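Reader: I am new to reading structures and would like a close look at one part of this one. Please start from a single residue and work outwards.

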Amino acid sequence: VNICLTGDFETETLQAPQKDALVWLLRELGAQLGPKPILPQSAFKPTKCPGAHINTEEISQLVYGPLA
């Protein structure tokens with residue numbers, strides 16, 4: 001499943017409502033599909049996505065807990 005966030009996160013920070021919506025969506029998908037790794041687009045091809053201001057490890061911890 002690919003999820004796209006609107007914004008340039010090289011220069012902008014992820015706002016709380018957008019982060020909350022992302023975490024909610026990932027939890028819902030995890031409940032339906034089982035836990036899956038949360039990987040940035042850069043794990044699959046050379047790109048700056050998701051940008052310097054999105055920490056995928058932090059997002060994983062918010063979705064799955066501190067041991068994610």
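Reader: Is Thr56 buried, partly exposed or exposed, and what is its relative accessible area? Please go on from there to what lies around Thr56.

Author: The model is a predicted one. In it, Thr56 has a relative accessible area of 21% and is therefore partly exposed, since buried would require a value under 20%. Thr56 belongs to helix H2, which covers residues 56-64.

Leaving aside residues up to four places away in sequence, Thr56 touches Ile38, Pro40 and Pro50. A further distance places Thr56 relative to Pro37: the two are 19 residues apart along the chain, and their C-alpha atoms are separated by 9.9 Å.

Take the contacts of Thr56 in turn, beginning with Pro40. Pro40 sits in the loop between H1 and H2. Its relative accessibility is 18%, so Pro40 counts as buried. With residues up to four places away in sequence again left out, Pro40 touches Cys49, Pro50 and Thr56. Pro40 can also be placed against Val23, a residue 17 positions apart from Pro40 in sequence; from C-alpha to C-alpha the two are 14 Å apart in space.

Pro50 is next. Pro50 is also a contact of Thr56, and it lies in the loop between H1 and H2. The peptide bond that joins Cys49 and Pro50 is cis, with omega at about 10 degrees. As background, most peptide bonds are trans. Both partners of this cis bond, Cys49 and Pro50, are touched by Pro40.

Pro50 leads on to Phe9, which lies in the segment before H1. Phe9 has a relative accessibility of 4% and so counts as buried. Apart from residues up to four places away in sequence, Phe9 touches Leu14, Gln18, Pro50, Gly51, Ala52, His53 and Ile54. One of these, Ala52, is 43 residues apart from Phe9 in sequence, yet their C-alpha atoms are 6.2 Å apart in space.

The remaining contact of Thr56, Ile38, leads to the interior. Ile38 is part of the largest nonpolar core, which has 9 residues in all: Phe9, Leu14, Leu22, Val23, Leu26, Ile38, Ile54, Ile59 and Val63. H1 and H2 are the elements that give two or more residues to this core. The largest share, 3 residues, comes from H1. In soluble globular proteins, nonpolar side chains tend to be buried together. Within this core, Val23 touches Val63, and Val23 also touches Leu62, not counting residues up to four places away in sequence.

Helix H2 has another link to H1, this time through charged residues. Glu58 forms a salt bridge with Lys19, and their closest N and O atoms are 2.8 Å apart. Because Glu58 lies in helix H2 and Lys19 in helix H1, the pair ties together parts that are 39 residues apart in sequence. A search of the whole structure finds 1 salt bridge. Glu58 has a relative accessible area of 34%, so it is partly exposed. Lys19, at 22% relative accessibility, counts as partly exposed too.

Past the end of the helix that holds Thr56 comes Gly65, in the segment after H2. Gly65 has a relative accessibility of 16% and so counts as buried. Gly65 and Asn2 are 63 residues apart in sequence, and their C-alpha atoms are 21 Å apart in space.

Not every nonpolar residue is covered. Val1, Ile3, Trp24, Leu25 and Leu33 make a nonpolar surface patch of about 520 Å². One of them, Leu33, is in helix H1, which covers residues 16-33. Leu33 has a relative accessible area of 49%, so it is partly exposed, as exposed would need a value over 50%.

These parts can now be set in the protein as a whole. Its secondary structure comes to 2 helices and 0 strands. The radius of gyration is 12 Å, close to the 11 Å that the globule rule gives for 68 residues, so the protein is as compact as a globular protein of that length. Along its principal axes, the C-alpha trace spans about 30 × 25 × 20 Å. Of the 68 residues, 21% count as buried. The protein exposes about 5100 Å², and carbon and sulfur atoms supply 56% of that area. Among contacts between residues at least 6 apart in sequence, 61% join residues at least 24 apart. The contact between Phe9 and Ala52 is one case of residues that lie far along the chain from each other, being 43 residues apart.

Terms used. Residues numbered from 1 in each chain as written. Predicted model: local features only at pLDDT ≥ 70, side-chain atom pairs only at ≥ 80, totals over all residues. Heavy atoms only, no water. Helix = DSSP H or I, 4+ residues; strand = E, 2+ residues; numbered from the N terminus. Buried < 20%, exposed > 50% of the residue type's maximum accessible area, 1.4 Å probe, protein only. Contact = heavy atoms within 4.5 Å. Patch = residues over 30% accessible without salt bridge, like charges linked within 9 Å, V, L, I, M, F, W, Y side chains within 5 Å. Areas by Shrake-Rupley, 256 points an atom, 1.4 Å probe, with all protein chains shown as cover. Salt bridge = Lys/Arg side-chain N within 4 Å of Asp/Glu carboxyl O. Core = buried A, V, L, I, M, F, W, Y, C linked by side-chain atoms within 4.5 Å. Rg over C-alpha atoms; globule rule 2.2 N^0.38 Å.
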